[in-house]
Amino acid sequence: MENVKGTWKTTVTEEVTAKAMGSGSLPVLATPALVALMEHAACEALAGSLDEGITTVGTKMDVDHVAATPVGMEVWAEATLTAQEGRGYTFDITAYDACGVIGTAKHQRVSVKAEKFVAKAEAKKG
């Protein structure tokens, strides 16, 4: 898989601020929301390339959140697949707002059979 890339864009809203998400007290993009943005970009990179019934789940994320973004600004993440071994995928991800880089990450995902994965999770209920 060469040149596999994915992008995801959104606008910072009150619901994804650190204050609203409980990850801080300020009205700026929350780090958990940045992580979700980055994961979404990685999923987009693989969209359409996996067999039916197969999806990926995140297993590791090493994030540097380097700049704050206020409510109302657009943010986007660009994920590039850097390695694929067996069921594992590794991505380099950079996130931006109109002023520049707001975060970087190294992210790992693994492919799973969606139905089996959900059934195993549901089985935890007993």
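Biologist: In this predicted model, which residues of α2 are buried?

Modeller: A residue is called buried here when its relative accessible area is under 20%. In the predicted model, the residues of α2 that fall in this class are Ala33, Leu34, Leu37, Met38, Ala41, Ala42, Ala45 and Leu46.

Biologist: What covers the buried residues of α2?

Modeller: The cover comes from helix and strand elements alike, and the helix among them is α1 (18–21). The strands that take part in covering the buried residues of α2 include β1 (5–11), β2, β3, β4 and β5.

Biologist: How far does α2 reach from its first C-alpha to its last?

Modeller: Helix α2 has 16 residues, and at 1.5 Å a residue a span of 22 Å is expected. The span in the model is close to that expectation, and just after the helix Gly48 takes a positive phi of about 85 degrees. From its first C-alpha to its last, α2 reaches 23 Å.

Biologist: Which residues does Pro32 touch, not counting those up to four places away in sequence?

Modeller: Pro32 has its place in helix α2, and with a relative accessible area of 38% it is partly exposed. Its C-alpha atom is separated by 9.2 Å from that of Thr17, a residue 15 places away along the chain. Leaving out residues up to four places away in sequence, Pro32 touches Met21 and Ser23.

Biologist: Which element gives the most to the largest nonpolar core?

Modeller: The largest nonpolar core has 23 residues, and Leu29, Leu34, Met38, Ala77, Phe91, Ile93 and Ala95 touch the most other members. At least two residues of this core are supplied by each of α2 (31–46), β3 (74–85), β4 (88–97) and β5 (100–113). With eight residues, the element that gives the most is α2.

Biologist: Which residues does Ala77 touch, not counting those up to four places away in sequence?

Modeller: Ala77 is one of the core residues that touch the most other members. Once residues up to four places away in sequence are set aside, the residues that Ala77 touches are Gly6, Thr7, Trp8, Leu37, Met38, Ala41, Ile93, Thr94 and Ala95.

Biologist: How many residues lie between β4 and β5 in their hairpin?

Modeller: Strands β4 and β5 run antiparallel and are joined by ten bridges, and within this pairing Thr94 stands opposite Thr104 in β5. The two strands form a hairpin, and the number of residues between them is two.

Biologist: Which residue in β5 does Gly58 stand opposite?

Modeller: Strand β5 is also joined to strand β2 (residues 54–65), through eleven bridges, and these two strands run antiparallel. Opposite Gly58, the residue that stands in β5 is Arg109.

Biologist: With which residue does the side chain of Arg109 meet in a salt bridge, and how far apart in sequence are the parts that the pair ties together?

Modeller: Arg109 counts as buried, at 5% relative accessibility, whereas its partner Glu39 is partly exposed, with a relative accessible area of 25%. Their side chains meet in a salt bridge at 2.9 Å, N to O. Arg109 lies in strand β5 and Glu39 in helix α2, so the parts that this pair ties together are apart in sequence by 70 residues.

Biologist: Which residue forms a salt bridge with Asp92?

Modeller: Asp92 counts as partly exposed, at 33% relative accessibility, and its partner is also partly exposed, with a relative accessible area of 39%. Asp92 lies in strand β4 and the partner in strand β5, so the pair ties together parts that are 14 residues apart in sequence. The closest N and O atoms are 2.9 Å apart, and the partner is Lys106.

Biologist: How many salt bridges does a search of the whole structure find?

Modeller: Besides the pairs already described, the side chains of Glu122 and Lys125 meet in a salt bridge at 2.7 Å, N to O. Glu122 is partly exposed, with a relative accessible area of 41%, whereas Lys125 is exposed, at 68%. Over the whole structure, the number of salt bridges found is three.

Biologist: Is Thr90 buried or exposed?

Modeller: Thr90 has its place in strand β4. Leaving aside neighbours within four places in sequence, Thr90 is in contact with Thr80, Leu81, Thr82, Ala83, Lys106, His107 and Gln108. At 18% relative accessibility, Thr90 counts as buried.

Technical notes: Residues are numbered from 1 along each chain as its sequence is written. This is a predicted model: local features need pLDDT of at least 70, side-chain atom pairs count only at pLDDT 80 or more; totals for chains, interfaces and linings use all residues. Side-chain values use heavy atoms; hydrogens and water are left out. A nonpolar core is a set of buried Ala, Val, Leu, Ile, Met, Phe, Trp, Tyr and Cys residues joined through side-chain atoms within 4.5 Å. Buried means under 20% relative accessible area, exposed over 50%, partly exposed in between (1.4 Å probe, protein chains only). Helices (H or I, at least four residues) and strands (E, at least two) are DSSP runs, numbered from the N terminus. Contact means heavy atoms within 4.5 Å. A salt bridge is a side-chain nitrogen of Lys or Arg within 4 Å of a carboxyl oxygen of Asp or Glu. Two strands pair if DSSP finds at least two bridges between them. The expected span of a helix is 1.5 Å times one less than its number of residues.
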